[in-house]
Amino acid sequence: MTSRIDADRREQATEAVHAGREDLAALGLHAPPLDLSTTYPSYDSRGEAARIDEFARTGARLEGPPVYARLDNPTNARFEAALARLEGADDAVAFASGMAALTAVLLARASLGLRHVVAVRPLYGCSDHLLAAGLLGTEVTWTDVAGIAEAIRPDTGLVMVETPANPTLAEVSVRAVAHACGSVPLLVDNTFATPVLQRPLEDGARMVLHSATKYLGGHGDVMGGVVACDDGFARTLRQVRFATGGVLHPMAGYLLLRGLSTLPVRVRAASATAAELARRLADDPRTARVHYPKIGGAMVSFEVHGDPHEVVSGVRLITPAVSLGSVDTLIQHPASISHRIVDEGDRHAAGVHDRLLRMSVGLEDVEDLWRDLDRALGPVARAPLSARPARTADATVRERERAAP
Ligand code: PLP
C-alpha cells in the first residue's frame, strides 16, 4: 500500500482511524471495501501454481491478486495491518475466533516438536482447558512467575500469560516474564488491556493474542481472533491457518477494522467509568474484595458477601451475559460460566472463588450503572457486621479485603 502520510510519525489514536486504509484515496474510496469473494479468476495456471508453491514454502503474503479466501483476503488483510500497527508488530494474522488463534499458535510450535507449554494461571477458561486437556498434543506445566525459568525444558515451545488475567484481573510484569523466558517465545493474551493500555511486544513478548470478539470489535456483534508478531511467526501462522482452515470471515474483518477506529476512545471512556465503579464497590460493605488492574481498563471483578447469583439476576440495565468488551455493560459469574470448564480445585487455587463476579464496563453513564449495581447488590443490612468498616476515600483500589463472612 502506498502511504500518503508518514506512517512513522502517527500517534495511536491516528493509527486507529488510518492504519489499513492508506491506499483508499488512491482507489477513489473513503470506506474500506468489503471483499466477500471465496475465489479469484486466474488465466495463468502456471503462474498461479508458482505463487501457491511459494506460499506453501514460505508462508509469505501473496504478492498480486488473491487466490482463495482460506489463503488470504484483502478486507481481513486491512484489519491485520491495522492491528499490527497498533501493537507495534511486524505483522498480524487473523483467525475465526480467539480460540482458533491460540490453536494455531500451539500447532505452529508443536509442528517443530515443541509441544511443552509453560503457563501462568488464571487464563480464560477455554484457554486453560485447551492446554490442560492436551487436545492438541500439548503438555503444560502450570507455574507462577517465579517458577517460569525452572519450568522451561528443551522441548518448551511457548510461555503463555494473560495480563490482566480473566477473571481475577491479576497482573504480571511482561518485562519480568519475558526475562525469565530466555529464548523461549512469550505469548501474552492482551485481550483485556488492548494495545491502548499495554503493548507487550515492547516489553519483550514475542506474540500478542487477542480475542478480537471483545474490545477490538467492541460492539458484541463479531467473532474473531488475531495474533500480532514478527514476520517469521506470522508466516508460520499463515501456513497453519491455510492448512487447518480457522479463517476469519471477511464481514468480521470489515467490522473489526471499523471497531479498531474507535478502540482508543472506547477503552479510555469505559476505563474511567470502571475505575469509578471499582472505587465505589471497594468502599461498599456488601463486597468482600474488589479487583481492578493497576494499568486500568474496563473490567472490574468483585467478590460479594451475599449470593452472587442474586446479583446477576438483580441487574436491570446491565446485561447478565458471558463475554466482554462491548459498548454496554455485562456481568457474569465466572465459576458458573466462563471458567466452569476449569477443574474446581485449580479454579480456586487461581483465585477464581465462588463468590466472584466479573463485570465488563461499557459506555453508559456511571451513575446509571451504579444505581443498577446498588439495587442488585441488595440491602446493606445483608452484609455481615464485621464487613462494615468506616468508609474510606482510598481511591486506588486493587484488592481491598474485608473479613470474609
Ligand atoms: N482470551 C481471553 C482473555 C478471553 O476472554 C477469551 C474469550 O472470552 C478468549 C481468549 C477466547 O476468545 P474467543 O471467544 O473469541 O474464541
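Student: What makes the sheet of five strands an open one with mixed pairing, and in which order do the strands lie?

Tutor: In this predicted model, the five strands follow the order β8-β9-β12-β11-β10, and their pairing is mixed. At the edges stand β8 (287–291) and β10 (319–320), each of which pairs on one side only.

Student: How do you know that β8 and β9 count as paired?

Tutor: Pairing requires at least two bridges between two strands, and four bridges join β8 to β9 (residues 299–304), so the criterion is met. The two strands run antiparallel, and V290 stands opposite F302 in β9.

Student: Why is α5 called roughly perpendicular to α10?

Tutor: Helix α5 (residues 98–110) and helix α10 (residues 231–244) pack at an angle of about 105°, with their axes 9 Å apart. Angles of 65 to 115 degrees count as roughly perpendicular, and therefore α5 is described in that way relative to α10.

Student: Which residues make up the contact of α5 with α10?

Tutor: From α5 come A104, V105, L107, A108 and R109, which meet F233, T236, L237, V240 and T244 in α10. These residues divide into seven nonpolar, two polar and one charged.

Student: How do you know that the side chain of S211 makes a polar contact with the ligand?

Tutor: A polar contact is a pair of N or O atoms within 3.5 Å, and an oxygen atom of the ligand is 2.8 Å from an N or O atom in the side chain of S211, so the pair qualifies. The corresponding values are 2.9 Å for K214 and 3.0 Å for N166.

Methods:
Residues numbered from 1 in each chain as written. Predicted model: local features only at pLDDT ≥ 70, side-chain atom pairs only at ≥ 80, totals over all residues. Heavy atoms only, no water. Axes fitted to C-alpha atoms, helices over the stretch in contact; angles between N-to-C directions. Parallel < 35°, antiparallel > 145°, perpendicular 65-115°, else oblique. Contact = heavy atoms within 4.5 Å. Nonpolar A, V, L, I, M, F, W, Y, C, P; charged D, E, K, R; others polar. Polar contact = N/O pair within 3.5 Å; in protein donor to acceptor, adjacent residues only side chain to side chain.
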